[in-house]
Amino acid sequence: MQVHRCRFTDYVPQAINAIEYAPATGRRPYVAVGRANGDIELWCVKEKLVYEKTIPGIVNGSLESLAWAHQTELTPDDLELFDTEKEREQAKRRLMDRAPRLFSAGLNAVIVEWDLARLVPKAAVDSYGGAVWCMATNHAQTQLAIGTEDGHIRIFDITDDKLVYQRCFDKSKTRILSVAWTHDDESIVTGSADGCVRIWSVGTGRMAARMTLPREGRDPTLVWAITVLKSGTIVSGDSRGHVVFWDHVMHVVQQDFRALGADVLCLVADADGHTVFASGVDPKVTQFKLFIGGKPAGSTGSDSRKKTGGRAKKWQLAGIRRYHTHDVRALAVSSHLKRDLLISGGVDTQVTSCESRPFPNENPYRQPCFPPLNGVVSVATAGKLILQRQANVLKLWELGKAEPISHALGGQMESGQGLQIYERQRDLLRMELKTKTNLMSSSISPSGRLIAASDAEGPKLFSVVRAEDGSESVRVRRIRGFPPENFVPEYSENRGALHIQFTSDEAKVVIATADGFVSVIDISGWQQNVFATIRRHCQHRNTRGEVEADAGCSDVPTHPGDAKNILPAVADMRTITNMAVSDSGIFVATSDSAGYVVVAGLDNKGATVLPPLAPRKQQDEWPTALAFAAGDQLILPTNMNHLFVWDAPKRMFTKWSRAFGSSNIPKTYSRMLSCVSGVAVNPAEPNCIYVYATNHITRIDLTLAPGSHSAVLNIHKRKQIEQDIIAKVVEEKERETSERLSEWSQSKRKKKQHMNGSTDSSARMDVDGDTASAADSEDMDSIISESASVRSQGKDWEGTIVARLREAGINVAEPHNFRMTERYQNLMHASFVDANTMVVLERPWTDVSSVLPAAFHRHKSGWSQSPSGIVTELFAENSIDGEVLINLDHESLKDLGIRALGKRLLVLKSIYFLKLQHDIPITTDSYVPQTVDVEPDYTHSSSNQRKHKRQTEENISRLMEDISTLSSEVTMIRNDMQRMYRLTVLENKPLPAPQRLASDPFVNSMHIARKIQSDFDQRRDGKGKNQALAGMSAAPSASHHGSTTPVSAAHSPGPGSSGGGMSSLLLPGSQMVQTPVTPHIRVYGDNALQRENEAYKSFRISADDPCSVILPQALKKYHINDSWQHYTLCIQFGSSGKGKVERMLAMDEKPLHLFQQLKDAGESPVFVLKKKTTDSTLGAKNGTVNNGGTGAGSVSNGSRSSLFSLEQTNASTSSLEAPANKSNSSAVASNSAAGSSTNEFEKV
């Protein structure tokens, strides 16, 4: 599948200036987010933040503050209107059933009440005092107080759905920047631009008290934020970065904290008044907690005053977190929800939420900087165009083009691999519309020829004409006559379109209005400016008054909804939030914020209201997106991350939806904090859908079960887990197999040793990686079969892998459904423009931050270096000097208010380095960081530290040199092995003969190793051996200092000679030569004596194999790259007292049978591999060549070949096993001194 990953959109979000929670008395918990351009976003708080809708602001408008109101109590005047208590209760219930009211104000000097259903102003009044800087409602929700530019506080009456100016307080010298009501609603506290905190009497409108903050420099202190706690304590935040707690009775400072490095712009407190959060230009969020008797106020009981002895309350700085990159202008916290969410926002445009109770240890969740559901992007599938709206501006781009991929090449490419682009995207259009409000909706037709957009006054239609020469020039024309006057009834006051969509054939356009109408308009005659309203669906208008009004419409076919008993709180908040048109052009689906979903026909009056996704009374589940898949199946993802599928032709939920829609969804998907914001359908996959949110795209097959509840969905994470588990199991298998084979080998050896009664003279041989006795009574086939059976025993490794994958959330027995990728982040839109061609639009945060204003500059010092910043302020407040500083510990820092462990560790580490710098002794109670690479030395000074550091650096340098040397040696070995492999396996060539000098350290180290092995063999062979064949062999040669005596020859006895029963083992014409057997240890490098012997690979042979089979295997085993016909295999036997007899074996002999017979006779046989030669003069250097005779000092040379004597400088001898006696070792030592080069190997 090909993906157009687009990041060229330049959507610039607006700063967040205000965040306010709706009153807890409302039926659905809302939070309003006010943007700097006047837009207001409404989010529902249900375990997480769920975006619902956006109220468009006025073009170039301003918003500085928000306020909610929900009156639930009758005023004294209202109580006089009702005579009985029952009437009062009914009136009170009517107040409770109403929806909360939302007010906004800004620098345009207007206070606006918003219609939360139709997203338009409901009422607006002048402030009568210029720009409005702050606003707050009283706790009875009956009055609204505002602070204005002229320094007055003005009160508005908001009872009984009114917004009426009531009175004005006395004037202060400067503008009012912050305002808050006391909990008894008898006083108002304000903060001004002259650095004063004033308390005003609501009854008289006069100032009751004034508290002044000090200046810093010439500029006065600005009191940006004010809040009043439940206990009456006043908290202020000012331009110095200070948070001040005031005594509301004595009007004096209780505590003063330097909370931030710059202005404190916002303050918020929880409902109990035990926790206060502050933030501002310095974008860190600071938490203050009230402590009573050293314990948090929330953890103390009702009798805490008795337990603490009446000690005063004390506020402490409890935590700091930096959730934003720029100024934080708004904070909001709620204590009446299941999750107490702390919500913050500011110049960086992101809504950030986290739980307030575990602060600062809770990680935040950052919402995208653009409206996630009210899509600001639409795509023309056929024209390959992208339309984006922002404020009152429309922008149009054309997608780029990539080189086509062949089918063969596509199968070899990896996921995420980039394609070659031969034509980049093109910026075609930037159109600014003349509207009064920001745009509410926009859409582009599939071909890209038509664009529709709407503000609060109504929709507009434009035609787009491309230049014929293929250039980027575009001509745009507004089409007059659209929409027709009757697309909404005459009594509808709101003609703004919340959603606009074209049908696939561009013959119709469907509009969902703010009043709840869904109108179908025929636009097939748009070129002649001819439009007609086909029908109006009114199923979302289901109150009794709305149904009666819609039933009277006769100008256009109108289909009224069914009248239902809907509470005013629901009707006053109901807005059509989603709409989708089927590709077949038959159905249109819409959903509203109350949870109603309607599927209606475009060409007929049929309409179906879907069964509720959740109980209507709870109203806790509603669709967040709508889309039609193949077969006109409607996809409904919800705010609970459930997934329902409605079969529109059959008017029922599908079988998959009934089985898995609200249950059995994998928890990784259902518990995500982001809700699905759209659905994409691939024409090439009719049974699959792609749902996307701001941080993931998930492919769902509607014919498969969702899979395990704990399944791993992320395809990249899933692949990594599979690779890790398989690699670990393979490693365990190899280790266990090695251990089992080792145990089997040891048990086999002990068994044979017990049967033979002797282990000293047994010769051993490698068989398939294990040490087995070569003299086993069983043949080698049975040994190999037993070894294979051992290997096959053990765990079911494939089952182990499956089980571990299942534990990790990967069930290989089930198909992987809900395949998720988090490769794409900050997703604005995703859709298919063609089969297997997807468009993904991202707005990376790095791009957004690049256009934001400069952030507050904070110094590099602070927590990470010596104590400074907030810590310095804490030390100054608590009179901590140098003598006290060096004795601080964790408990002391906790008492200072530094609750976070990481910050305490950084402070203590800074104190430790201060002690070192000033030569202060480190005591046993002092904190020493774990990263310090020294032992505590209580008398050390800075000079000792420098000396130790220098020594440490020298040690590291030497270690690095050793590592480099070792690495080079390993590289040489690897290169040699690779060269050998290439010559022998790939090129089938023999290896070159090794050429080494006597001065070669490799030869010298071999000589030393042989000497050590010779001494060991002398001690091992000290016991007397069987002398049964003493008459068969000649006397051993004498060894002299500095020379080697020639070896005596042995004769070949005839059939009639007596040989102690061994004559039958010697074939006619074979040679017997007494030779020393020289063990050898292969070593590399200079530290030869400190390294272990190299373990060589085994080779497979059987007892019935002739010499012609064993000889090539032996050459291969010991890496001798030469023809096996140039070598011969000999066997040495005999007791150590009389020397050894050597016999050359014929090619058709069976060496292992002969070996077993000699071993049973106690002759200690060993095999020797020798190279043939035709130069007879070489043997004459130490004796005469005798063709059959015998004599001392001669070498017997049979008819088959001649053998080199041990004194020849180019002798090449290889033994499979090398037990040697003292005389043989001596001969080898002197021979090595003479310059002989041997190629002997020993099994380890």
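Biologist: In β61, which residue is the bridge partner of His 829?

Modeller: This is a predicted model, in which local features need pLDDT of at least 70 and side-chain atom pairs count only at pLDDT 80 or more, while totals for chains, interfaces and linings use all residues. Residues are numbered from 1 along each chain as its sequence is written, and side-chain values use heavy atoms, with hydrogens and water left out. Strands are DSSP runs of E with at least two residues, numbered from the N terminus, and two of them pair if DSSP finds at least two bridges between them. β60 and β61 (residues 837-842) pair in the antiparallel sense over 6 bridges, and the partner of His 829 in β61 is Leu 841.

Biologist: Which strands stand at the edges of the open sheet β1-β61-β60?

Modeller: Three strands form this open sheet, in the order β1-β61-β60 and with mixed pairing. Each edge strand has a single partner strand, so one side of each is left without a neighbour in the sheet; these strands are β1 (2-6) and β60 (827-834).

Biologist: In the sheet β2-β3-β4-β5, which residue in β5 does Leu 42 stand opposite?

Modeller: The 4 strands of that open sheet pair in the antiparallel sense, with β2 (16-21) and β5 (49-55) as the edge strands, each pairing on one side only. Strand β4 (residues 40-45) is joined to β5 by 6 bridges. Across this pairing, the residue in β5 that stands opposite Leu 42 is Lys 53.

Biologist: Is Glu 113 buried or exposed, and which side chain is joined to that of Glu 113 by a polar contact?

Modeller: Glu 113 is found in strand β8 (residues 110-115), and its relative accessible area is 2%, where buried means under 20%, exposed over 50% and partly exposed in between, with a 1.4 Å probe and protein chains only. A polar contact is a pair of N or O atoms within 3.5 Å; within protein, one must be able to donate a hydrogen and the other to accept it, and residues adjacent in sequence count only if both atoms are side-chain atoms. Glu 113 is therefore buried, and the side chain joined to that of Glu 113, by a polar contact of 2.8 Å, belongs to Arg 101.

Biologist: Why is Cys 1107 without a bond to the closest cysteine sulfur, in Cys 1130?

Modeller: A disulfide is a pair of cysteine sulfur atoms within 2.5 Å, and a search of the whole structure finds 0 disulfides. Cys 1107 is itself buried, with a relative accessible area of 0%. The sulfur of Cys 1107 is too far from that of Cys 1130 for a bond, because the distance is 8.8 Å.
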